[in-house]
Amino acid sequence: MAKRKSGGLLNRHRSITSAKKLSAPKGIKPQQARQLIRRFHILQKNKHSILKKISKDYKKCDHELTESNYKEVLSSTKEWRKFYIANADPESQTLPSSSSATDIIKIDSGITIPQLFSQLGKIDAEIEKRGGLEAYQSASIHGQDSNRGGDSSKKLIEWLNQSPYNAVIHSQSKEEKKLSALEIGCLNPANFISTSGIFANVVKIDLNSQSQQILQQNFMERPLPANDSERFNLISCSLVLNFVPTPLERGEMLRRLTKFLLPPTPNSMSSLFFVLPLPCLENSRYIDTTIFESMMSDLGFKKVLSYQATKLIYYLFDWEGKIKSNIKYSKKQCYEGSKRNNFCIVLE
Ligand SMILES: C[S@@+](CC[C@H](N)C(=O)[O-])C[C@H]1O[C@@H](n2cnc3c(N)ncnc32)[C@H](O)[C@@H]1O
């Protein structure tokens, strides 16, 4: 089991630099918050693909390089240090503009390993200067649909109070509540899931825990349940899949969700609450709601409810317990248009 506050995605190495962070986005305007969120997604994605390239070489020499340990390993390289320290200069408050910084996205095939170290150093410095994952999380609270008040689980609780879920909820006695939930990507331990009184137990996890009540853990590394006592009646996965850097890993995350849900039984609940930014499914070149819902259905998720807000799309699925064999959704362009985004999910 992961430890609280242990090696997370953005483990800081204060010994290398005590770079002054730009102030966390307090009172940030929604549009700025969205820009920051988009920038973090780009940085994460680039970091991920660079790490993947570098780890191939490390694997050859029998070293495992992961998101959690790479800084420790690379901090001894002069290239990473040079770029990290130069770009995270505590005196400098300038950040690359979103457009100029796209240079770090391009990783051509001829690039050398030391050059990759340097690129990674630059990315890490920018993440640090923008306030780290905390700033991203804070921006997420401010930057989404203003109606949701930073807590998309309000919609979930509204739905659970409707039929047929209300019958299941009310069949629990006051003394003996049994329903359990796993919240992946939890920013606030006092959100609607936890305070609704519906669940006896809500396990809250996040890559970067902001509270003692949130376990710092990557869902993709959470040990698989050994038995049903480690499975849940409900999983909330709200605005997390869009954070996962590659289409294939997004598919793996969807598949992994099925392993943590209790087998469906009459008069109980085995459900997934799932939220994405609307443009992921409404304005992508590679996917739309029909494709996404067909993927989910192949994975054994029956759509029960859905709702499109101005900027988000919400789903409640019931887990039916069976995954179709030979599922294959590859990266195929379905729509043209320069204004479309590249969000995609690959399932193999
Ligand atoms: C945009 S916030 C969403 C928070 C909240 N669920 C909501 O709907 O408002 C995304 C959160 O997911 C977390 N996250 C992303 N990938 C994760 C993973 N693989 N395991 C655990 N948490 C993850 C991030 O650290 C971040 O705090």
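This section describes the ligand site, the sheet and selected backbone features of a predicted model.

The ligand is surrounded by 19 residues, of which Q137, G185, D206, N218 and S238 come nearest. By class, this shell is made up of 10 nonpolar, seven polar and two charged residues. Helix α5, which spans residues 132–143, supplies four residues, the largest share of the shell. Residues of the shell come from both domain 1 (30–141) and domain 2 (146–319), so the ligand lies between the two domains.

Polar contacts to the ligand involve both side-chain and backbone atoms of the protein. In the side chain of D206, an N or O atom is 2.6 Å from an oxygen atom of the ligand. For S152, the corresponding separation between a side-chain N or O atom and a ligand oxygen atom is 2.9 Å. The backbone is represented by F219, where a polar backbone atom is 2.9 Å from a nitrogen atom of the ligand. On its own the ligand has 600 Å² of accessible area, and the protein covers 97% of this area.

Two of the residues listed as nearest to the ligand, G185 and D206, also carry an annotation. According to the unreviewed UniProt entry, the annotation "binding site" covers G185 and D206. These positions are spread over 22 residues of sequence but cluster in space, with a largest C-alpha distance of 4.5 Å. G185 is located in the loop that runs between β1 (180–184) and α8 (192–195).

The strands of the model include an open sheet of seven members, in the order β3-β2-β1-β4-β5-β7-β6 and with mixed pairing. The edges are occupied by β3 (215–216) and β6; each has a single partner strand, so one side of each is left without a neighbour in the sheet. In general, strands of a sheet pair through backbone hydrogen bonds, in either a parallel or an antiparallel arrangement.

At the β6 end of the order, strand β6 (residues 301–308) runs antiparallel to strand β7 (residues 312–319), and seven bridges join them. The two strands form a hairpin, with three residues between them. Within this pairing, S306 has Y315 of β7 as its bridge partner. Strand β7 is also joined by seven bridges to strand β5 (residues 271–277), again in an antiparallel arrangement. Here the bridge partner of V275 is Y314 in β7.

Two backbone features were identified in loops. The peptide bond from S163 to P164 is cis, and its omega is near 0°. P164 belongs to the loop between α6 (153–160) and α7 (165–170). The second feature concerns N267, a residue other than glycine with a positive phi, near 60°. N267 is placed in the loop that connects α9 (247–259) and β5, and β5 is in turn one of the strands bridged to β7.

Technical notes:
Residues numbered from 1 in each chain as written. Predicted model: local features only at pLDDT ≥ 70, side-chain atom pairs only at ≥ 80, totals over all residues. Heavy atoms only, no water. Near = heavy atom within 4 Å. Polar contact = N/O pair within 3.5 Å; in protein donor to acceptor, adjacent residues only side chain to side chain. Areas by Shrake-Rupley, 256 points an atom, 1.4 Å probe, with all protein chains shown as cover. Nonpolar A, V, L, I, M, F, W, Y, C, P; charged D, E, K, R; others polar. Domains from an automatic or database assignment. Pairing = 2+ DSSP bridges. UniProt positions renumbered as here; feature names shortened; annotations may be inferred.
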